[in-house]
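Here is a short report on one protein model. Keep the sequence and the 3D view side by side as you read.

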Amino acid sequence: MIKELVFATNNKHKTEEVGKLLLNEYKVLNLSDIGCTVDIPETGDTFEENAFLKSSYVVENYQLDCFADDSGLEIEALNNEPGIYSARYSGQKDDQVNLKLVLQKMEGLSNRKARFKTVISLIQEKKNYFFEGVINGYIRENPIGDQGFGYDPIFVPEGYEQSFAQMSMEQKNQISHRAIAMRKLIAFLKEQQPVL
Ligand code: IMP
């Protein structure tokens with residue numbers, strides 16, 4: 001019988017994408033599939049802690065193996081802010097307002113180096129594993145592009161001219177922090193399967 005694995009997210013699209021990649025290994029379920037409607041508190045100080053809080057919540061309350069991700073933008077000149085506070089940097093969960101705050105804080109700063117980071121926590125048979133994805137780049141002086149979400153319009157990945165918001169979803173998904181971490185997770189999960 002095919003094993004079940006929970007992705008601690010409410011994002012159906014994300015779950016389907018990973019589910020397709022693991023079609024032969026796991027049935028991937030999201031939070032609503034297991035009837036979990038709790039907004040799992042992310043009270044940690046690091047991406048690792050927050051990802052682990054989410055995955056362990058599911059393991060403890062539903063006795064199912066689970067993975068969870070946590071991501072954010074780290075800007076060198078701002079002491080790696082907004083980091084774990086990326087979704088609510090201004091105090092509001094509003095992408096436009098948060099992006100504006102970043103640009104305001106960076107006014108006049110010449111060091112524009114930044115990186116997006118994702119950490120995935122996988123708890124499988126009570127063991128915890130972390131997978132990390134990082135993409136380096138820089139922060140533009142002004143937003144450009146209308147694709148994506150969050151800080152995409154001001155982030156230009158190293159080696160590219162376009163911001164994340166100017167790239168198609170397919171292009172961003174080839175190179176993003178989230179994609180890098182997910183590829184590591186998927187490779188790990190596939191490797192474990194006995195070859196029949
Ligand atoms: P999450 O942990 O994936 O929900 O990401 C937390 C926050 O980090 C988001 O609400 C965004 O503000 C920011 N963020 C994470 N990944 C991206 C991305 O790929 N593009 C733009 N912003 C992102």
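## Charged pairs and buried parts

Glu42, Lys54 and Asp70 are linked in a network of salt bridges. Keep in mind that this is a predicted model. The count for the model comes to 10 salt bridges.

**Salt bridges**

Side chains of opposite charge can pair when their charged atoms come close. The table lists three of the pairs.

| Pair | Closest N and O atoms |
|---|---|
| Glu42 and Lys54 | 3.5 Å |
| Glu74 and Arg115 | 2.9 Å |
| Asp152 and Lys172 | 3.0 Å |

Start with the pair Glu42 and Lys54, whose closest N and O atoms are 3.5 Å apart. Glu42 lies in the loop between strand 2 (26–29) and helix 2 (47–62), and Lys54 lies in helix 2, so the pair ties together parts that are 12 residues apart in sequence. Glu42 is partly exposed, at 42% relative accessibility. Lys54 is buried, with a relative accessible area of 10%.

Next come Glu74 and Arg115, which meet in a salt bridge at 2.9 Å. Glu74 sits in strand 3 and Arg115 in strand 5, so this pair ties together parts that are 41 residues apart in sequence. Glu74 is buried, with a relative accessible area of 10%. Arg115 is partly exposed, with a relative accessible area of 29%.

The side chains of Asp152 and Lys172 also meet in a salt bridge, at 3.0 Å. Asp152 is in the loop between strand 6 and strand 7, while Lys172 is in helix 4 (residues 169–175), so the pair ties together parts that are 20 residues apart in sequence. Asp152 counts as buried at 2% relative accessibility. Lys172 counts as buried too, at 9%.

**A charged residue without a salt bridge**

Now find Arg140, in the loop between strand 6 and strand 7 (155–157). Arg140 is buried yet has no salt bridge. How far away is the nearest side chain of opposite charge? That side chain belongs to Glu161, and it is 9.0 Å away. A salt bridge needs the two atoms within 4 Å. Arg140 does have a polar partner: its side chain makes a polar contact with the side chain of Asn142, at 2.6 Å. Beyond its neighbours within four places in sequence, Arg140 is in contact with Leu103, Arg112, Pro153, Ile154, Val156 and Ser163.

**Strand 5 and its partners**

Strand 5 covers residues 113–124, and 10 of its 12 residues are buried, so the strand is largely enclosed by the rest of the structure. Strand 5 pairs with strand 3 in the antiparallel sense over 10 bridges. There, Gly72 stands opposite Lys117 of strand 5. Strand 5 also pairs with strand 6, in the antiparallel sense over 12 bridges. Here Leu122 stands opposite Tyr129 of strand 6. Strand 5 and strand 6 form a hairpin with two residues between them. In that turn, Glu125 has a positive phi of about 45°.

**Helix 3**

Which residues of helix 3 (residues 95–105) are buried? They are Asn98, Leu99, Leu101, Val102 and Leu103. An α-helix has 3.6 residues a turn, so residues three or four places apart point the same way. The cover over the buried residues of helix 3 includes strand 3 (66–75), strand 4 (81–82) and strand 6 (127–139). At the start of helix 3, a side-chain oxygen of Asp94 comes within 3.0 Å of the backbone nitrogen of Gln96.

Notes:
Residues numbered from 1 in each chain as written. Predicted model: local features only at pLDDT ≥ 70, side-chain atom pairs only at ≥ 80, totals over all residues. Heavy atoms only, no water. Buried < 20%, exposed > 50% of the residue type's maximum accessible area, 1.4 Å probe, protein only. Helix = DSSP H or I, 4+ residues; strand = E, 2+ residues; numbered from the N terminus. Contact = heavy atoms within 4.5 Å. Polar contact = N/O pair within 3.5 Å; in protein donor to acceptor, adjacent residues only side chain to side chain. Pairing = 2+ DSSP bridges. Lys, Arg positive; Asp, Glu negative; His and termini not counted.
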